[in-house]
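Work through the exercises below with the sequence and the 3D view open. Each task is followed by a solution in steps.

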Amino acid sequence: MSVPTLKQSPANEHTRILGIGAYRPDVIVTNDDVCQWIDSSDEWIRQRTGIITRHRAPADVSVIDMAEGAAREALAKAGIDASQLGAVIVSTVTHPYATPSAAASLADRLGATPAPAFDISAACAGYCYGIAQGDALVRSGTAQYVLVVGAEKLSDVIDNTERTISFLLGDGAGAVVIGPSETTGIGPSVWGSDGSKWDAIGMTHSLLDVREYSAAHHGGTAQQPSALSSEEVAVTDAAIWPTLRQDGQTVFRWAVWEMAKVAQQALDAAGIQADDLVAFIPHQANMRIIDEMVKKLKLPETVTVARDIADAGNTSAASIPLATHRLLQENPELSGGLALQIGFGAGLVFGAQVVVLP
Amino acid sequence: MASNEEILAGLAEIVNEETGLAPEAVELDKSFTEDLDIDSISMMTIVVNAEEKFGVRIPDEEVKNLKTVGDAVSFIAGAQAA
């Protein structure tokens, strides 16, 4: 049997980040605000987390709205028209629809239709997962330009009165455009998962639990009428809304110990040393984790360390591009230099790569 | 394998690096939280560094049992002997 030879898309040898954008919502939540809900103090929160304020989005600003704001700036900085995008990727765990994706709507708003569009669920590693995918898509020639967005509205999935994670979290979005390059602008991705720690960070319960509760508590079902009064229903409703929790000690230890190794692997894979870097841009989870990673990696003082968490809080998938955007605004001379970025979070999942700053 | 004195000295060095406390202040009967004022995050950092230094594994569920410096020294000595 004679089989015709298939064509493949011509590959691009190198890729780089062409432009970056950010969207920071304008509601500022201070530590004193947080202390209305939990028994704590500004000093305690600063000392344990390094966080001074977080930005949160008002009710009428969605994950897609924030993603669009960041994406438009990234496209403009890259000098790329949305119609040139070969894929739109949104990393998020807070787009409130399991389907359709945030990315499909975003692509349409931007004028990128019919670009393929999909969301990534990799929590705080989502942006680095997106860079891994965008890099692979452009190098393989499957796409010429890829938009990668990290966008989160974590304020929708927190319980202000709990103490493990809610007070750390903020909202926002960051975006980049990846495209072909004459030289290597994105080093090999070191990425992975450890589902044995599935319970370490995540939602308190599933959508199926929500269905069960609402069936039982709102007049019940034909087979099982609700036995609750309307006051009890109101209390249960607040309790059933899924919110985030973490086992802080387990996560801290994993982040400091295992992630420093992953960060080192990303340096090794790129064939560079710590003192070749101009910047270190870890996921902004906790200032103490950042400080420990800097020590473990023995980063020289010449490396600028992103510490956007002080003002932005932890914004999950948005934290690395937001921190990168700010670093470049405050230190434009870093543009063109090498940055090590690493994301890690619920899954557990992680991803790291060395990139040339746009 | 390190002697208990060596483990104590090593721990004192780790605590000093994390908190700035003088190594002499790190004594066997001192409580990490009450006497040495070490918070939960510093405690995890100390645990991670102790694992590296002494080549032992200190499980998360064991950390809450390490109330005093002596508890930690005994646990590390036992883990090294195992």
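**Exercise 1: helices on the sheet**

Task: find the strands of chain A that helix H5 (residues 126-140) lies across, and give its angle to E14(A).

Solution. Helix H5 of chain A lies across E8, strand E13 (338-345) and E14 of chain A, and runs at about 60 degrees to E14(A). Contact here means C-beta atoms, placed from the backbone, within 7 Å. Helices (H or I, at least four residues) and strands (E, at least two) are DSSP runs, numbered from the N terminus. Axes are lines fitted to C-alpha atoms, for helices over the stretch in contact, and angles run from 0 to 180 degrees between N-to-C directions. Helix H11 (residues 319-330) of chain A lies across strand E11 (279-282), E12 and E13 of chain A, at about 150 degrees to E11(A).

This is a predicted model: local features need pLDDT of at least 70, side-chain atom pairs count only at pLDDT 80 or more, and totals for chains, interfaces and linings use all residues. Residues are numbered from 1 along each chain as its sequence is written, and chains are lettered from A and ligands numbered from 1 in the order in which they are written.

**Exercise 2: the sheet**

Task: give the strand order and explain why one side of E8(A) and of E12(A) lacks a neighbour.

Solution. Step one: the order in this open sheet of 5 strands is E8-E14-E13-E11-E12 (chain A), with mixed pairing; two strands pair if DSSP finds at least two bridges between them. Step two: strand E8 (190-193) and strand E12 (304-305) of chain A are at the edges with a single partner strand each, so one side of each has no neighbour in the sheet. Step three: E8(A) pairs with strand E14 (residues 349-356) of chain A in the antiparallel sense over 4 bridges. Gly192(A) stands opposite Phe350(A) in E14(A).

**Exercise 3: H8(A), H9(A) and chain B**

Task: describe how H8(A) packs on H9(A), and state which helix gives the largest share of the side of chain A that touches chain B.

Solution. Step one: H8(A) and H9(A) pack at about 40 degrees with their axes 9 Å apart. Their contact includes Phe252(A) and Met259(A) of H8(A), and Ile289(A) and Met293(A) of H9(A). Step two: the contact between the chains takes 9 residues from chain A and 9 residues from chain B. Helix H8 (248-270) and helix H9 (287-296) of chain A each supply at least two residues of the side of chain A that touches chain B. The largest share, 6 residues, comes from H8(A).

Notes:
Two residues are in contact if their C-beta atoms, placed from the backbone, lie within 7 Å.
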